[in-house]
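Hi,

Here is the structure I promised to pass on. Have a look at it first, and then read on for what turned up.

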Amino acid sequence: MKSLPLYSPIIKGKLNDLKAISKLTEGARLKIKPLIEAMPLHDEEKTLENHLKKFVSYIEKYVTVEEIFVDFYGLSGMKTLEGVEATLAGFDLLKTCSVTITPTYGFERDDDLWSLLSPIVKNFGAGFCFRIDIDDLDDQAEDTMSQILERSSQLRLKPKEVDLFIDLRDVADRNLDELKDLVLDFLQFIPSSVNFRSIILAGSSALKTVADIPMEGVIDVARQELHLWAKLQRDLPESISLIYGDYGVVHPDFVDGIRNKYMNAKIRYTTRGRITYFRGHGLLHPVKDYEQYRKLADKVRNSSCYMGLSFSAGDKYINDVAAFNETHGAPATWVLADMNHHLEYTVMQITELVSVVRAEKSASKLEALL
């Protein structure tokens, strides 16, 4: 990637989430650098080795962008049968991938791994990304920055080879002014002589469950992370620019491999500063209940927020299901459609916003842009 990305979403390392990347338009793929997060291993019948191999195979087949961040956070503390820590084993498997990979690691994990990461970072030759949790801010902010500088030196990296990925996780019910102050307080500890390659701000307002949405109902959920990014981007000095990140339409605490018998059909559709949820009813009987996706797709297709079937692969799928030109699909295929539309839309949105947010001095006018 010759220039910095405009958008860095956190993508769960699951089949259909990654397929959503493969179906992006070429223009979108050139502006996005996702952080791919390995999922935890919950199936006791699977081995860590096979879990890692599947994750790597998904990246090789479906991640059709130039560069990615990869984090094995979900497998922290696990080891292969040969006693190799999951993060090290995972990066070893990734070294033959054609996509450019920036290794990613965070604090409050195994400190013994830092010295072992140095040859891995050198081998990939794409710098390093520090994943900064919300708990690393506030009272820990100064210490976190000190550790970043110390670890960068340990990894033999210059600041221009280092990315800071601030992951606020679930921000739906958080006060945006408080979050803004947390981030600003952290950024002030960056030494004036240090210019990191990029600073990314990510969070999510996606619902963990649609249980509170009336059956067959439609609600809008504000994308708090987008509003926070815009506020910060406007108020930061010109010398600091934040790359926008989110979790797509997936809640940060989503756990794979646990079947929920109370699962409901839903379509999540992103426009402007919101995600619109179209909820159906339960999916206890797949043969009968999955057919409801046609009705939901028709609701989306006829709503004022629908962008049209040519906007993205996800939008075409919505139209084709509603028009009986495609099978009704299942929860997994709708993750693909929802995520693909969200990624495509957000690339377009941030491309437009990044040039106007700094210039907009009025808070009310800034909100109107979202």
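Let's start with a helix: α12 (residues 331–353) lies across β1 and β9, running at about 160° to β9. Keep in mind that this is a predicted model.

Those two strands belong to an open sheet of 8 strands, with parallel pairing and the order β1-β2-β3-β4-β5-β6-β7-β9. β1 (10–12) and β9 (242–246) are its edge strands; each has a single partner strand, so one side of each is left without a neighbour in the sheet. From one strand to the next, the twist averages 30°.

Another helix on this sheet is α1 (residues 15–22), which lies across β1 and β2 (35–37) and runs at about 130° to β1. Further along the strand order, β6 (residues 162–170) and β7 (residues 198–204) pair in the parallel sense over 6 bridges. If you want a spot to zoom in on, I166 has L201 in β7 as its bridge partner.

Now for the other sheet. Here 3 strands form an open sheet in the order β8-β11-β10, and the pairing is antiparallel. The edges are β8 (218–222) and β10 (264–271), each with a single partner strand, so one side of each has no neighbour in the sheet. The twist in this one averages 25° from one strand to the next.

β8 pairs with β11 (residues 274–282) over 5 bridges, in the antiparallel sense, and I219 stands opposite Y277 in β11. Helix α10 (residues 292–301) packs on this sheet, touching β10 and β11, and its direction makes about 20° with that of β10.

Cheers

Key:
Residues are numbered from 1 along each chain as its sequence is written. This is a predicted model: local features need pLDDT of at least 70, side-chain atom pairs count only at pLDDT 80 or more; totals for chains, interfaces and linings use all residues. Side-chain values use heavy atoms; hydrogens and water are left out. Two strands pair if DSSP finds at least two bridges between them. Helices (H or I, at least four residues) and strands (E, at least two) are DSSP runs, numbered from the N terminus. Axes are lines fitted to C-alpha atoms, for helices over the stretch in contact, and angles run from 0 to 180 degrees between N-to-C directions. Contact means heavy atoms within 4.5 Å.
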